[in-house]
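Open your viewer, set a cartoon view, and keep the selection box handy. We will go from the whole fold to a single strand and the loop after it.

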Amino acid sequence: MANPIARRRRYAALASAAVALAACGAATAQGARPAVTASRATATASLSATAVAQPSLHMVTNKGHTLAFYVTPGRLPAIVLDAGGGLDASYWKKIAPVLAKSTGSEIITYDRSGEGRSSDVPGPWKAQDAVSDLAAGLAQLGATKDVVLVSHSLAGEIATYFVRQHPHWITGAVLVDASLPEFYTDSETAKLVAANEQQIAALKGQPQTRAIRQLLAVAANYGPVHRAYHKLAWPQDVPATAIVSSGTPFVTTSDAQLWRQAQQEFVGAAPNRRLVVAEHSSHDIPVDRPDVVINAVQEMVKRVR
């Protein structure tokens with residue numbers, strides 16, 4: 001089985017997974033608050049987790065396919081962890097048990113369609129379909145209010161559509177190097193589409209493994225999908241913390257700077273948003289700096305509880 005981190009990086013290389021990346025050091029946007037820098041020396045989260053109940057598996061059905069949800073029991077607010085492109089629930093293995101112990105909250109992780117134990121769904125990947133899957137799972141689990149949504153990378157798009165569609169379900173969000181609408185200007189989207197044409201064509205010529213099918217599904221209709229996404233805005237009354245990595249896989253300065261601006265613009269658009277920079281981290285903050293994610297989620301839980 002392919003290494004999940006390598007698969008995620010392959011998504012990033014294609015840009016077809018809509019990986020949202022930002023690095024520290026960006027100039028503070030007008031009206032935005034300065035970022036909080038989270039260093040290893042100042043991290044307060046404990047990465048030890050003992051005496052935590054093992055998550056139970058729940059197979060739920062939505063529109064004819066099945067999805068695997070994993071639930072660790074606890075109190076509200078429930079914490080829902082949504083991994084980035086090409087990743088499943090196991091991505092949160094360093095974080096979920098610690099949050100369960102430190103917050104006492106119910107913890108929910110899941111495998112999106114085509115990942116882990118969940119069914120494959122043919123056709124182009126759409127964030128709206130992923131929203132439908134997540135909503136169906138949470139509804140069947142009874143988690144339709146007081147939810148803290150933690151979304152990494154590609155899952156930022158799911159979070160944006162989800163919060164707009166179900167604003168009363170979500171009490172707060174932590175967006176971990178998340179794909180944000182502000183990044184997808186017409187010129188940048190066109191640039192990404194053009195840059196990846198050859199790589200996508202090469203994938204089409206390879207044996208169609210599950211991983212490659214998922215990559216191609218996300219790449220399909222990338223331009224129109226992200227031009228439409230660019231027009232969306234996060235609801236003003238749902239608080240959010242954006243965590244950005246200090247490292248970025250973007251080679252070009254202009255792309256990296258636009259990611260930084262997108263994160264700053266997002267945070268500066270409402271007073272209930274906060275920016276945290278994860279030092280010494282690649283885009284895979286949950287793997288490189290789980291302490292930063294844990295601290296941000298703990299603070300959001302205290303804020304909304």
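Here is what to select, step by step.

This is a predicted model, in which local features need pLDDT of at least 70, side-chain atom pairs count only at pLDDT 80 or more, and totals for chains, interfaces and linings use all residues. Residues are numbered from 1 along each chain as its sequence is written, and side-chain values use heavy atoms, with hydrogens and water left out.

**Whole protein.** Start with everything shown: you should find eleven helices and nine strands (DSSP runs numbered from the N terminus, helices being H or I of at least four residues and strands E of at least two). Of the 305 residues, 54% are buried (under 20% relative accessible area, with a 1.4 Å probe and protein chains only).

**Strand β6.** Now select 147-152, which is β6. Six of its six residues are buried. Colour Val147, Leu149 and Ser151 for one side, then Val148, Val150 and His152 for the other; both faces are covered. In a regular strand, side chains alternate between the two faces of the sheet.

**Its neighbours.** Add residues 75-82, strand β4, which runs parallel to β6 and is joined to it by five bridges (strands pair if DSSP finds at least two bridges between them). Look for Ile79 opposite Val148. Next add β7, residues 170-176, also parallel to β6, with six bridges. There, Leu175 is the bridge partner of Ser151. Follow the chain from β6 through α4 to β7: this β-α-β crossover is right-handed (with the strands pointing away from the viewer, the path from the first strand over the helix to the second runs clockwise).

**Last stop, Ser153.** Select Ser153 in the loop between β6 and α4 (155-165). Is Ser153 buried or exposed? With a relative accessible area of 0%, Ser153 is buried. Finally, draw a distance to Leu180, 27 residues apart along the chain: the C-alpha atoms are separated by 8.9 Å.

How values were computed:
Buried < 20%, exposed > 50% of the residue type's maximum accessible area, 1.4 Å probe, protein only.
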